[in-house]
Amino acid sequence: MKVVVVGGDARAHALAHVLSRSADEVAVSGGNAGMPNAVAAPPEELDADLFVISPEEPLVDGMADRLRAQGKRVYGPGADGAWLEGSKGWMKEVVAKAGVPTARHATFSDAAPALEYLRTMKAPFVIKTDGLAAGKGVLVTESLIEAEDDVKAKLAGASFGDAGRTVVIEEGMTGPELSLLAVCDGRRAVPLSPAQDFKRALDGDRGPNTGGMGAYSPVPIAGDDLVGEVMDRFIEPTLAALRADGIDYRGTLYAGLMLTPDGLKLVEYNVRFGDPEAQVVLPRMSSDLVELLTAAADGDLGGQVPRFVDDAAVCVVGATPGYPEAPRSGALIDALDAIHDVTDALVFCAGVDRDSDGRLVTAGGRVLSIVGFGPTIAAARDRAYEGVHRVAFAGMQFRNDIAAAAAKEET
């Protein structure tokens, strides 16, 4: 069986790695220079038994629809379902229709009513771009002045262009965060192993929001009962609401959740595997990912039950200096092969290109996802950070506290 993965991010690299366990051939359309199976041809020009679309942008742009119109089997929602991530305002409408618990919120395109509403809220203030912003369009702040300035900048198009000309203002929620990825076939869904990611750029959850600086899986606080609650109260009602609107959602539904003092609440939905969550969840699969995604693409998950090894995985993201505000690229990456000297560690590439001499160099904000595995979170964390120090490029920015609290709680 031949599989084509679409995307140049570390998530696409992880997908290709795990799909290669059982597929006869895997190619990554638009992959980066750090991937051994990257091809330049667009997916529309390729033949395969299954196409898996990694990033959100082509999904929102309707790539899955175009490929299906060519008669190709695709794992990934059409543009109608992908609008869950394309518009946070519309996502909130679907969530309300489905009765899914979430933060109090309102959507605005004009500054005056937005600022008036903002001043009725209590800190922390949460301001989100309505459109896609590569995971960086969210401000969480204790400062009303900073929140007001952010609303003005987004609505004026100064921060994120057209993606920010509509904003969603939410009440701030507190509590541990949790990510649960569910594979959907349009009618039903099955959960993958939970993960927890780290959005802020700096240690101690400080600094600006990023696309994600690390993750770990499994999550000790997320047992079978909690996963069942997420499926019953969040995923399945949302899938039913989409179906009621005539949307045949075949792909990943990613629920970003918070365990608040008032119970589980939805932070956001994404319409693809998370990044860096995919890098810790997918390699832990002991069941066949090709079979699972093929069944979902065909609209019949049947008796599919994803299974995972007991071992933990911890991912640490290596980013360029200045990420996320002003990433500086062009540093030489000359130690990727050193990851082979680390027991139970992998590296997945994202912002990687070649210079005029054919050498690997940094070419984007997030560059490497270094993943360690072990019988405990602490052991996996040790291996991940050993890998970080082996493959680091000049000026590499990374957090030192990924999964530190979870590892400490094991003792």
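Mentor: A residue is called buried when its relative accessible area is under 20%, and we shall lean on that cut-off while reading this predicted model.

Trainee: Which residues of helix α4 are buried?

Mentor: Helix α4 covers residues 79–86, and its buried residues are Gly81, Ala82, Leu84, Glu85 and Gly86. As a general idea, an α-helix has 3.6 residues a turn, so residues three or four places apart point the same way. In this structure, Gly81, Leu84 and Glu85 are among the buried residues of α4.

Trainee: What covers the buried residues of α4?

Mentor: The cover includes the helices α2 (56–60), α5 (88–98) and α8 (224–244), together with the strands β16 (250–260) and β17 (263–270).

Trainee: How should I read a single residue in a strand, and is Leu178 buried or exposed?

Mentor: Begin with its element and its accessibility, and then turn to its neighbours. Leu178 lies in strand β10, which runs over residues 177–185, and it counts as buried because its relative accessibility is 3%, below the 20% cut-off. Leaving aside residues up to four places away in sequence, Leu178 touches Pro194, Ala195, Val219, Ala222, Leu226, Ala255, Gly256 and Leu257. Leu178 and Leu266 are 88 residues apart in sequence, while their C-alpha atoms are 9.7 Å apart in space.

Trainee: How many disulfides does the structure hold, and why does Cys315 not bond to Cys349?

Mentor: There are 0 disulfides. A disulfide calls for two cysteine sulfur atoms within 2.5 Å, and the closest cysteine sulfur to that of Cys315 belongs to Cys349, 12 Å away, which is too far for a bond. Burial is a separate matter: Cys315 is buried at a relative accessible area of 0%, and Cys184 is likewise buried at 0%.

Trainee: What can be said about the fold as a whole, in helices, strands and compactness?

Mentor: The protein has 12 helices and 22 strands. Its radius of gyration is 20 Å, close to the 22 Å that the globule rule gives for 411 residues, so the protein is as compact as a globular protein of that length. The C-alpha trace spans about 55 × 50 × 45 Å along its principal axes, and buried residues make up 59% of the 411 residues. Of the contacts between residues at least 6 apart in sequence, 66% join residues at least 24 apart.

Trainee: What remains to be read from the surface and the charges?

Mentor: The accessible surface comes to about 15800 Å², with 48% of it belonging to carbon and sulfur atoms. There are 39 positive and 60 negative side chains, and the centres of these two sets lie 2 Å apart.

Technical notes. Residues numbered from 1 in each chain as written. Predicted model: local features only at pLDDT ≥ 70, side-chain atom pairs only at ≥ 80, totals over all residues. Heavy atoms only, no water. Buried < 20%, exposed > 50% of the residue type's maximum accessible area, 1.4 Å probe, protein only. Helix = DSSP H or I, 4+ residues; strand = E, 2+ residues; numbered from the N terminus. Rg over C-alpha atoms; globule rule 2.2 N^0.38 Å. Contact = heavy atoms within 4.5 Å. Areas by Shrake-Rupley, 256 points an atom, 1.4 Å probe, with all protein chains shown as cover. Lys, Arg positive; Asp, Glu negative; His and termini not counted. Charge placed at Lys NZ, Arg CZ, Asp CG, Glu CD.
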